[in-house]
Amino acid sequence: MDLERHQNLHTIIMLREIIRKWWRAELHFADRNGMVMDWLRGGDIPPTPNECCRLSLNSREGLRRCNQSVRQLHEQFRANRRLRRALTQPCHLQFSLVGAPLYIRDEYEGFLFVEGFLREPFSEREREALKARLRELQPTSPEVDRAVERLPVLGDDNLEKLADLLEYGANEIAAYEAERTRKEERSLQSLSQDSENYRFEDIIGRSGPMQEIFKLLEKVSNSEATVLINGESGTGKELVARAIHANGPRRHGPFVVQNCSAFNDNLLESALFGHMRGSFTGAMRDKKGLFEVADRGTFFLDEVGDMSPALQVKLLRVLQEGTFLPVGGTEPREVDVRVIAATHKDLGEMVKRGEFREDLYYRINVIRVHLPALRERRDDLPLLVDHFLRKHHREGQRARGLATEAMALLSMYAWPGNVRELENEIERLLVLGGDLEYLPAELISSRIRDAVTPGGISVLTARATGKLHEAVETLEREMIHQGLLRTGNNKSRLARELGISRSNLILKIAKYGLDKGLPPDAEADA
């Protein structure tokens, strides 16, 4: 139950004011476990018109007994899931509390209740018993006698009206959540459609750098030119190579992949060019190399920067002449292969250091495609998260997305492993929290949470020993601050990401003093 969101609904605000004005009572929320939400915040208990209730709630033992009284009403609601009407239950001070159950998407989420009134006036004997109970909870308080002077009394007619209002409030919250769910589903559907519009084969992105990549790939795919793909590990170099092949003139030919760092020189040479029977110990028969397997197709050489100088010479010959010699062979063989090479290293610097042949470098660097790191394309994070949630979703899992705090943490992380690391994290989250509707930040890997803030202290745990509302404010401030930096102070865009209105975001920025040292809001200036 999102207490803050529900309490700020216009209907609930009006309902609270009516209850205060008509019956001098306070509206409370209890969660699905029967715990009173505003009693769990820490600090002072919110004021209540009934002085007897205030004295009890400000006593540790009294608070325990009040919670126990509420839980008795909770147990009645939980025992009968068909019950949708309000019930009345006496508390430990013999006041009455009336509550209406709250169901969201047909799931019991708690109840609304009002406490601290009498069905009929107390007798003098009952007043003395009430004083005795209060003195047991507050032995030194001088306010006990004054507290029992004016005890609120609701007759049956008023009790019926109060019950109707509580049921109405619960129904309004349920209707609000149902509409919110429909909007989220439409948003997810729209995001899914958007992801189809911002993809090239299985490469997903709508950021500026990725749109430039897509434009380049459209031109490259229609050619026969050799391509060099450069980018950090995990950026999707093989995906780009497959996309070039699938959209090019050799799409009906084979697509062969070999990682040049996977074997030593001898094994790699045999894998690339094949060998003849008896050419080395264990060569029991002739074997085709991968260049022959890739004939009339595309050969993707990953991590070409790890290839030894001797093999670089042989690769250059294939690229220039289309011929090669198998290990132990005497007659050259011809192949027609398009080569796409990839590396995470700077081949230009390797050429300067003499670690990579200059002529081979210029031969494979006909067209260069540089893939940006994920930290350089953070706008694509929501699209990628949605894609991986759908890709790794399994039957029986309820997860429909990430909680706001979880998405904020992922947005602040540097992603050294890039898209591959993100995919692994989303798959892990689905395994750990697939039975939840929205995956919470608490399930995110500790390495990510610890890396988000300087010193390895996570925003989620930095204030774990303080008050809950202070921890929430710390997280909210950090999310907004990082979001302003990430979006270049584009408040409309950040408000959409956070799921709040632009005006609400501006108020929060002013509240936390985050409007200093930032560039002007370009959208507002326009």
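**Exercise 1.** How are H10 and H12 oriented to each other, roughly parallel or roughly perpendicular?

*Solution.* The model is a predicted one.
Step 1. Take the two helices: H10 covers residues 265-273 and H12 covers residues 309-321.
Step 2. Read off the geometry: the two pack at an angle of about 15°, and their axes lie 11 Å apart.
Step 3. Apply the cut-off: angles under 35 degrees count as roughly parallel. H10 and H12 are therefore roughly parallel to each other.
Step 4. Add the handedness: H10 and H12 cross in a left-handed way.
Step 5. Name the residues in contact. H10 contributes Asp-265, Leu-268, Glu-269 and Phe-273, while H12 contributes Leu-311, Lys-314, Leu-315 and Val-318.
Step 6. Sort these by class: the contact of H10 with H12 has five nonpolar and three charged residues, with no polar ones.

**Exercise 2.** Describe the packing of H8 with H9, and state the class of the residues in the contact.

*Solution.* Step 1. Locate the helices: H8 runs over residues 208-221 and H9 over residues 237-246.
Step 2. Find the angle and the distance: about 45° between them, with the axes 8 Å apart.
Step 3. Classify the angle. H8 and H9 are oblique to each other, because about 45° falls outside the ranges for roughly parallel, roughly antiparallel and roughly perpendicular.
Step 4. Give the handedness: the crossing of H8 and H9 is right-handed.
Step 5. List the contact: Leu-217, Val-220 and Ser-221 of H8 meet Val-240, Ala-243 and Ile-244 of H9.
Step 6. By class, the contact of H8 with H9 holds five nonpolar residues and one polar residue, and no charged residues.

**Exercise 3.** Which residues of H21 and H22 meet, and what is the angle between the two helices?

*Solution.* Step 1. H21 spans residues 491-498 and H22 spans residues 502-512.
Step 2. The angle at which they pack is about 100°, and the axes are 9 Å apart.
Step 3. Angles of 65 to 115 degrees count as roughly perpendicular, so H21 and H22 are roughly perpendicular to each other.
Step 4. From H21, the residues in contact are Lys-491, Ser-492, Leu-494, Ala-495 and Leu-498; from H22, they are Arg-502, Leu-505, Ile-506 and Ile-509.
Step 5. The contact of H21 with H22 divides into six nonpolar, one polar and two charged residues.

**Exercise 4.** How many cavities of 30 Å³ or more are counted, and which residues line the largest cavity?

*Solution.* Step 1. The count is two cavities of 30 Å³ or more.
Step 2. The largest cavity has a volume of about 80 Å³.
Step 3. Its lining is made of Trp-39, Cys-53, Cys-66, Ser-69, Val-70, Cys-91, His-92, Leu-93, Leu-97, Phe-113, Glu-115 and Gly-116.
Step 4. Helix H4 (60-79) and strand S4 (107-117) each give at least two residues to this lining.
Step 5. By class, the lining of the largest cavity has eight nonpolar, three polar and one charged.

**Exercise 5.** Describe the second largest cavity by its volume and its lining.

*Solution.* Step 1. The second largest cavity holds about 40 Å³ of space.
Step 2. Among the residues that line the second largest cavity are Trp-23, Arg-24, Thr-48, Asn-50, Phe-117 and Pro-152.
Step 3. S4 supplies the largest share of this lining, three residues.
Step 4. The lining of the second largest cavity divides into five nonpolar, three polar and three charged residues.

**Exercise 6.** Which residues are closest to the centre of the second largest pocket?

*Solution.* Step 1. The second largest pocket has a volume of about 520 Å³.
Step 2. Of the 26 residues lining this pocket, Gly-234, Thr-235, Gly-236, Leu-239 and Val-419 are the closest to its centre.
Step 3. Elements that each supply at least two residues of the lining include H9, strand S11 (298-302) and helix H17 (418-433).
Step 4. By class, the lining of the second largest pocket has 11 nonpolar, six polar and nine charged residues.

How values were computed. Residues are numbered from 1 along each chain as its sequence is written. This is a predicted model: local features need pLDDT of at least 70, side-chain atom pairs count only at pLDDT 80 or more; totals for chains, interfaces and linings use all residues. Side-chain values use heavy atoms; hydrogens and water are left out. On a 1 Å grid over the protein atoms alone, a cavity is a set of points where a 1.4 Å probe fits but cannot get out, and a pocket is an open set with protein on both sides within 12 Å along at least five of seven lines; lining residues have an atom within 4 Å of a point. Grid points are joined across faces, edges and corners, and a volume is the space filled by probe spheres set on the points. Helices (H or I, at least four residues) and strands (E, at least two) are DSSP runs, numbered from the N terminus. Ala, Val, Leu, Ile, Met, Phe, Trp, Tyr, Cys and Pro count as nonpolar, Asp, Glu, Lys and Arg as charged, and the others, Gly among them, as polar. Axes are lines fitted to C-alpha atoms, for helices over the stretch in contact, and angles run from 0 to 180 degrees between N-to-C directions. Angles under 35 degrees count as roughly parallel, over 145 as roughly antiparallel, 65 to 115 as roughly perpendicular and the rest as oblique. A crossing is left-handed if the near helix is turned anticlockwise from the far one by less than a right angle, and right-handed if clockwise. Contact means heavy atoms within 4.5 Å.
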